[in-house]
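Thanks for sharing this one. Here are my notes, as numbered points, to read with the coordinates open beside you.

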Amino acid sequence: MRNYIIKRILLLIPILFIVALIAFFITNLMPGDPVRVILGNMAAEAEIVRVKASLGLDQPLIVRFFRWLVNIVRGNFGDSLYLNAPVSQVLAERIRPTFLIAVFAEVFGITAGLLLGILAAVKHRKFLDQFSITISLFGISIPSFWLALILMYIFSVRLGWFPVSGYEPFAEAGLGTFKYIVLPAFTLAFMQAGLIARMTRSAMLDTLKHDYIRTAKSKGLSTYSIVFKHALKNSMLPIITVIGHNFAVLLGGTWIVETIFVIPGTGFMAINAIMRRDIPVIQASIIFVALIYVVLNLLVDLSYAFLNPKIRYQ
Amino acid sequence: MLFLKKYKKYEHSYITTSIIILIILISLSLFAPLLTDYNPVRNNARNRLQPPSKEHLLGTDQYGRDIFTRILYGLRTSIEVGISVVILTVIFGGVVGIVAGYYPQIDKIIMRVLDAMMAFPGIIIAISLAAIWGAGKLNIILALSFAYFPKMARIIRSAVISIKDLDYVDSARAAGANDLRIIFKYILKNSASPIMVQATFNFALAILDEAALSFLGVGIMPPAPSLGAMVTDARTYMVVAPWMILAPGMMIILSVLSLNLLGDGMRDLLDPHLKNTLKK
């Protein structure tokens, strides 16, 4: 087991290296010279050359990549070109709203998804199955930006239950923070619920046809204990995988939803940085999402080993 | 095709329903110029923000353009982007997947690169690339293809690996067939079903993501009609003209939903494992 964990962690190194490579080259292909952006159009040529040299931008791309890589490994993403602060500090300040939205959406999504998926599998080919398939299909087919605006129109503009947009941190507003979180979190949860419900349904259908389920039935166990103790436990692998894989999709969704609801999180920051070509912030935002994806998938793989002894002893 | 032969034996209403909806949607977008007298981009200041009426079935937008006309042309854009992305992902994914699956010497390196690319959610790669290359139809087609092809490459790779050591491939090799012939004649032909299923899902995803990019202003640029950009306009006029937001959203949902339904139906149909489950 220990060897397995060590092997999996070592495998992260080449992947993270390539992740960094992609993030660096995508952002360095951006049109527009960052030095000219900083100094403005009227800057003298000599001044530009001097600032370029002081930022190390006169070096070849590959030298810059390795310098940059050494820095980000130390947690130094450079300074934002607009916010006059180190990127790591900006990211740390912005992470809280995004984290709140993501956790709420995930909890919402997992609960609804598991429930819909289990119901569908147990009532296979009955009305409830059709109902749950339809809901989950809508979940993966509705554009999140459109759903966000519809929810905003109904619950904020018409009914006035929630603020139209904006955010107050927990320290100032206390529980009032949540009224800013509900609509964005629900928007993202709907899609997650759809994805999780689909996977739960097919994994449960797969499990329910096994012999041990029939044995459990003929032993006279209640449906409840068959479904939750036997079937669900044995269907967990693919369900956990889909949750792990899609958390990054959820984070990608925060880019859009935070922009719509004007919530000062990492997603809103990323979109603004892209519009302003604030390259260090873009790099940090992209790497942030990819890092979370990679770490979560490591955890998913390790949970395989935990849930399935066959993998552990390989 | 394998797919059509199986269809008769297995009555699956999803596929029929979704194909009918898709045919209707495609003809609506193809025959858009015949179906409406209005121009999708020309302004008409007198008709600004009209609610739905007999002349304008779905109302008009802030420039007085007919919304029904705009969603037909917007759908056209979505379908164009979707089909181009599907073709490009199959080509990119096919080349990379076949090389990785067929030549184990470089498989490990390719797989690590694909793993790393898949760490970025598609929409994030697409937004970043579209912002770099600039907005426009061609750029978002390339950006989305770049974002989706790693998954397609992995699917094709595993199909190639599962087929390439089967007896009939060995016998073709023994008969003197070269690599190219084996790849095209034996391997690709027999890995068509997972590719088709993934291509259908990619089509749906491309429509959704094109709309999202256009909504954010890095996709199709106005005044060209795009369903996503129509939602951006609708957002500004949400309080005074709520009808503007429903039509483009519904059109996106209808097309994405029917593609997902088709993908699901094809997967059930082509996956013998799952079929047994369903029959039981």
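1. Helix H10 of chain A, residues 211-218, is hardly covered: of its 8 residues, the number that count as buried is 0. Just after H10(A), the backbone does something worth a look, as A:Gly220 takes a positive phi of about 90°. Please keep in mind here and below that this is a predicted model.

2. Now to the other end of the burial scale. Which residues touch the most other members of the largest nonpolar core? They are B:Ala126 and B:Ile127, in a core of 161 residues. Helix H9 of chain A, residues 177-208, gives the most to this core, supplying 18 residues.

3. B:Ile127 is a good place to centre your view. Setting aside neighbours within four places in sequence, B:Ile127 is in contact with A:Trp255 and A:Ile274 from chain A. Its contacts in chain B, with the same neighbours set aside, are B:Leu213, B:Leu216 and B:Val218.

4. On to the contact between the chains. Chain B brings 35 residues and chain A brings 36 residues. On the chain B side, five elements each supply at least two residues: helix H5 (104-118), helix H6 (122-133), helix H10 (192-216), helix H11 (227-236) and helix H12 (243-270). Which of the chain B elements gives the most to this side? That is H12(B), with 8 residues. By character, the residues of chain B that touch chain A split into 27 nonpolar, 4 polar and 4 charged.

5. A word on the fold of chain B as a whole. Its secondary structure consists of 13 helices and 0 strands, so to speak an α-only reading along the sequence: α-α-α-α-α-α-α-α-α-α-α-α-α. The C-alpha trace of chain B spans about 75 × 45 × 30 Å along its principal axes. Of its 280 residues, 45% count as buried. Among contacts in chain B with a separation of 6 or more, 70% are between residues 24 or more positions apart.

6. Finally, the annotation. An unreviewed UniProt entry places "domain: ABC transmembrane type-1" on residues 75-263 of chain B. In the model, this span is 84% helix and 0% strand. How far apart are the end C-alpha atoms of residues 75-263 of chain B? They lie 20 Å from each other.

How values were computed:
Residues are numbered from 1 along each chain as its sequence is written. Chains are lettered from A and ligands numbered from 1 in the order in which they are written. This is a predicted model: local features need pLDDT of at least 70, side-chain atom pairs count only at pLDDT 80 or more; totals for chains, interfaces and linings use all residues. Two residues are in contact if their C-beta atoms, placed from the backbone, lie within 7 Å. Helices (H or I, at least four residues) and strands (E, at least two) are DSSP runs, numbered from the N terminus. Ala, Val, Leu, Ile, Met, Phe, Trp, Tyr, Cys and Pro count as nonpolar, Asp, Glu, Lys and Arg as charged, and the others, Gly among them, as polar. UniProt positions are given in the numbering used here, feature names are shortened, and annotations may be inferred rather than shown by experiment. A nonpolar core is a set of buried Ala, Val, Leu, Ile, Met, Phe, Trp, Tyr and Cys residues joined through C-beta atoms within 7 Å. A residue is buried if 20 or more other C-beta atoms lie within 10 Å of its own, exposed if 12 or fewer, and partly exposed in between; C-beta atoms are placed from the backbone.
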